[in-house]
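The following paragraphs lead a new reader through one protein model, moving from its strands to its charged pairs and then to its wider layout. Please keep the sequence and the structure in view while reading.

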Amino acid sequence: IALYIWQKGEGPHLTPVPEFCTDDVSSYKADHCATTFSNFLPLCGEPVKKEDVFVAVKTCQKFHGDRIPVVKQTWEREAALIEYYSDYADISIPTIDLGIPNTDRGHCGKTFAILERFLNHSSPRTPWLVIVDDDTLISIFRLRKLLSCYDPNEPVFLGERYGYGLGTGGYSYITGGGGMVFSRIAVQKLLASKCRCYSMDAPDDMVLGMCFSGLGIPITHSPLFHQARPMDYPKGYLSHQIPVSFHKHWNIDPVEVYFTWLAPNPEESLNGKEVGYNREEL
């Protein structure tokens, strides 16, 4: 929008308006703001049960030693149903070898194998599937609250929305690193459609977006999922939300990131209402 208004210097100049300060309602500045934000997690009813969320973690043998221990130190304890899918069966984790070799590019083959396994081997009473990378940091506790706002009997495909070629008839997709959430009925409709990977190493999230677009199933965007690290976003943007996920371990302490940004504190655990955070510089 800014580039459009700017018009390479020929457009109108923008004037800062201090009254549009977008402070939190608890800020001392809020009385003088034209806009404020309430900092709370959407909650539309009782959080979904832990047993209603199946978590699938995509990994490979070369990351078993450094990424999986982070998951186990942080958010694994929040998940009642969790499986690790790899190119090597390691009983110490344990991981499940789906028979799909690891690829350096996309992981479409592995993701579709996970979808097939969820449909055919998990309990049909489990309505939600979450697929994450082994370097995704996620709050299953908060996700269960967020999912109270969605009907599992509808085809739901939820996460952080990206777009590909939208100006020329492209499609939206849920970016995989922040976590992709599927209702069981969405998985059923997808696999019944016969829409599949054009190659085993195709980008899984983009292929899924293309498939769901062809089915007429809309992508549901939530700004609470994040494809990148906290430091990759403006402080003001993150200060107005209670995040569900972040992604990547590069140049950070992922355990510290989890406990600073995603671990539920006692007040949040009790009521799920507005919560203030003292977040460290990351």
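Strand β6 and strand β11 (residues 180-183) pair in the antiparallel sense, and 4 bridges connect them. Within this pairing, I131 stands opposite M180 of β11. The model in which these strands are seen is a predicted one. Strand β6 also pairs with strand β3 (residues 53-58), but here the two strands run parallel and are joined by 6 bridges. In that second pairing, F54 is the residue that stands opposite L129 of β6.

How many of the residues of strand β6 are buried? The strand spans residues 128-133, and 6 of its 6 residues are buried, so β6 is largely enclosed by the rest of the structure. The burial holds for both faces of the strand. On one side lie W128, V130 and V132, and on the other lie L129, I131 and D133, all of them buried.

The account now turns to a helix. Helix α6 consists of 12 residues, numbered 204-215. From its first C-alpha to its last, α6 reaches 16 Å, which is close to the 16 Å expected at 1.5 Å a residue. An α-helix has 3.6 residues a turn, so residues three or four places apart point the same way. The buried residues of α6 are D204, D205, M206, V207, L208, G209, C211 and F212. After the helix comes G216, a residue whose phi is positive, near 75°.

Charged side chains provide another route through the fold. Side chains of opposite charge can pair when their charged atoms come close. The count of salt bridges in the model comes to 9. One of them is formed by the side chains of K58 and D204, with a distance of 2.5 Å from N to O. This pair links distant parts of the chain, since K58 belongs to strand β3 and D204 to helix α6, 146 residues apart. Are these two residues buried or exposed? Both K58 and D204 are buried.

A further salt bridge brings together the side chains of R67 and D135, at 3.8 Å from N to O. R67 lies in the loop between β3 and α2 (68-73), while D135 lies in the loop between β6 and β7 (136-138), so the pair ties together parts that are 68 residues apart in sequence. D135 has a relative accessible area of 8% and is therefore buried.

R196 and E116 form another salt bridge, in which the closest N and O atoms are 3.5 Å apart. Because R196 is found in the loop between α5 (184-192) and α6, and E116 in helix α3 (residues 108-121), this pair ties together parts that are 80 residues apart in sequence. R196 counts as partly exposed, with a relative accessibility of 30%. E116, at 31% relative accessibility, likewise counts as partly exposed. Salt bridges with shared partners also join K58, D133 and D204 into one network. In this network D133 is a residue of β6 that is buried, and K58 and D204 are buried as well.

Polar contacts add local detail. S86 has its place in strand β4 (residues 81-86). The relative accessible area of S86 is 1%, so this residue is buried. A polar atom of the S86 side chain lies 3.5 Å from the backbone nitrogen of Q61. The backbone nitrogen of Y88 lies 3.3 Å from a polar atom of the side chain of S86.

T103, by contrast, lies in a loop, the one between β5 (95-97) and α3. The side chain of T103 reaches the backbone oxygen of G106 at 2.4 Å. Measuring from C-alpha to C-alpha, T103 and I82 are 23 Å apart in space, and in sequence they are 21 residues apart.

Finally, the chain may be viewed as a whole. Its domain assignment gives domain 1 (1-37) and domain 2 (52-265). The C-alpha centres of these two domains lie 34 Å apart. An unreviewed UniProt entry carries the annotation "domain: Fringe-like glycosyltransferase" for residues 47-256. Over residues 47-256, the chain is 26% helix and 21% strand, and the end C-alpha atoms are 26 Å apart.

Methods:
Residues numbered from 1 in each chain as written. Predicted model: local features only at pLDDT ≥ 70, side-chain atom pairs only at ≥ 80, totals over all residues. Heavy atoms only, no water. Expected span 1.5 Å × (residues − 1). Buried < 20%, exposed > 50% of the residue type's maximum accessible area, 1.4 Å probe, protein only. Pairing = 2+ DSSP bridges. Domains from an automatic or database assignment. Salt bridge = Lys/Arg side-chain N within 4 Å of Asp/Glu carboxyl O. UniProt positions renumbered as here; feature names shortened; annotations may be inferred. Polar contact = N/O pair within 3.5 Å; in protein donor to acceptor, adjacent residues only side chain to side chain.
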